[in-house]
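Okay, thanks for squeezing me in. Let me put the thing up on the screen, and then I'll talk you through the empty space in it.

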Amino acid sequence: MQIQLNGKKFKINSKDSIVNLLKKINIKSSKVAIEVNKAVVPKEKYKSFKFKNNDKVEVVTFIGGG
Amino acid sequence: MKDHFKVGRYSFKSRLIVGTGKYKNFSETAKAVKASGADMVTVAVRRVNVLDKNEPLLMDYINPKKIRYLPNTAGCFNSEDALRVLRLARESGGWNLVKLEVLGDKETLYPNMAETLKCTKILVKEKFDVMVYCSDDPIACKQLEDLGAVAVMPLGSFIGSGNGIPNKNNIKIIKQRSKIPVIVDAGIGCASDASVAMELGCDGVLVNTAIAKAKKPILMAEAMKLAVNAGRMSYLSGIMTRSEVASNSTTHKRKIK
């Protein structure tokens, strides 16, 4: 199965949760926010959330800005 | 002098808010923030680089538990994009206090006030505490206050221009008519510009480029800290009335003859 992760195709296991995804990209959940198909996913759902094929996923963090 | 800076239900020690963009690296950003004494910094929301798993993160350099992150909507040109960014920012760390900026075009980065007002209304309804980048327009500032913004942030001049505050009268009248804090955002080029903003009675100043693009950013960060404090104290002390003619400082009495 594949998802669109930050605009790029990304292979993922259909059983993978958001927690598994974050492990794969090596970033802690406390440092990100996640949107799937333009809806924000609350942190408490990171363990239970299951992706569907072609989900558009945005994983964002804070960068420098004015 | 105890003079806390209150924005909505939040209280800050420093009236200087520092932007975290345009520095050479995060280490320089962190040093400048420290030197500035700011306890609130603006930050932007962007995609994580999934290709570089070891890319440094701002959070590794500036601890959001010690320095308040003020998420902004930099680069958003409509209400929908700005809302999307701020909803994500809030979920990231529970940050309710946010800085809204909805830009009009890329050349001037001037705010699109129609979209800004529309977006402020929605954010207030969603229980965000919204600080709003806006034009130096007293009417627009009043409208934002009436919609429930917790602070207005009129520009001194164009973002990143360093042109200071050419229209001091507008900033002054905005402050006189506001019940919420007025923070000059954008245009500050050097420390004296920050002092001028504070002497006009503003509650705070937001500075990014003037610090990041100084030849010695950390020194400029400290200069900004002192300038904001000096300007604030000058304002609080009750500035003398200007006169068009001279007024001797020494008495003419008992002059030798």
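Before I give you any volumes, here's how the space was found: on a 1 Å grid over the protein atoms alone, a cavity is a set of points where a 1.4 Å probe fits but cannot get out. A pocket is an open set with protein on both sides within 12 Å along at least five of seven lines, and lining residues are those with an atom within 4 Å of a point. Grid points are joined across faces, edges and corners, and a volume is the space filled by probe spheres set on those points.

Housekeeping, quickly. This is a predicted model, with local features needing pLDDT of at least 70 and side-chain atom pairs counted only at pLDDT 80 or more, while totals for chains, interfaces and linings use all residues. Residues are numbered from 1 along each chain as its sequence is written, chains are lettered from A and ligands numbered from 1 in the order in which they are written, and side-chain values use heavy atoms, with hydrogens and water left out.

So, what's enclosed? The search over the whole structure turns up one cavity of 30 Å³ or more, and its volume is about 30 Å³. Around it sit Pro138(B), Cys141(B), Lys142(B), Ile173(B), Ile174(B), Arg177(B) and Ser178(B). Two helices of chain B, α4 (138–147) and α5 (168–177), each put at least two residues into that lining; helices here are DSSP runs of H or I with at least four residues, strands are runs of E with at least two, and both are numbered from the N terminus. By type, the cavity lining is four nonpolar, one polar and two charged. For that split, Ala, Val, Leu, Ile, Met, Phe, Trp, Tyr, Cys and Pro are nonpolar, Asp, Glu, Lys and Arg are charged, and the others, Gly among them, are polar.

Now the open ones. The largest pocket has about 480 Å³ and a lining of 30 residues, with Gly65(A), Gly66(A), Lys22(B), Ile159(B) and Asn208(B) nearest its centre. From chain B, α1 (26–36), β10 (204–207) and α7 (209–212) each give at least two residues to that lining, which breaks down as twelve nonpolar, 14 polar and four charged.

The second largest pocket holds about 400 Å³. It has 13 lining residues, and nearest the centre are Lys172(B), Glu199(B), Leu200(B), Ile239(B) and Arg242(B). The elements giving two or more are α5 and α6 (191–199) of chain B, with α5(B) supplying the largest share, five residues. Here we get five nonpolar, three polar and five charged.

One residue to click on: Gly156(B), in the loop between β8 (151–154) and α5 of chain B. Is it buried or exposed? Gly156(B) counts as buried, at 6% relative accessibility, where buried means under 20% relative accessible area, exposed over 50% and partly exposed in between, using a 1.4 Å probe and protein chains only. Beyond four places in sequence, Gly156(B) has contacts (heavy atoms within 4.5 Å) including Gly164(B), Pro166(B) and Asp185(B).

Last, chain A. Chain A has one helix and five strands, in the order β-β-α-β-β-β from the N terminus. Buried residues are 44% of its 66. That's my lot.
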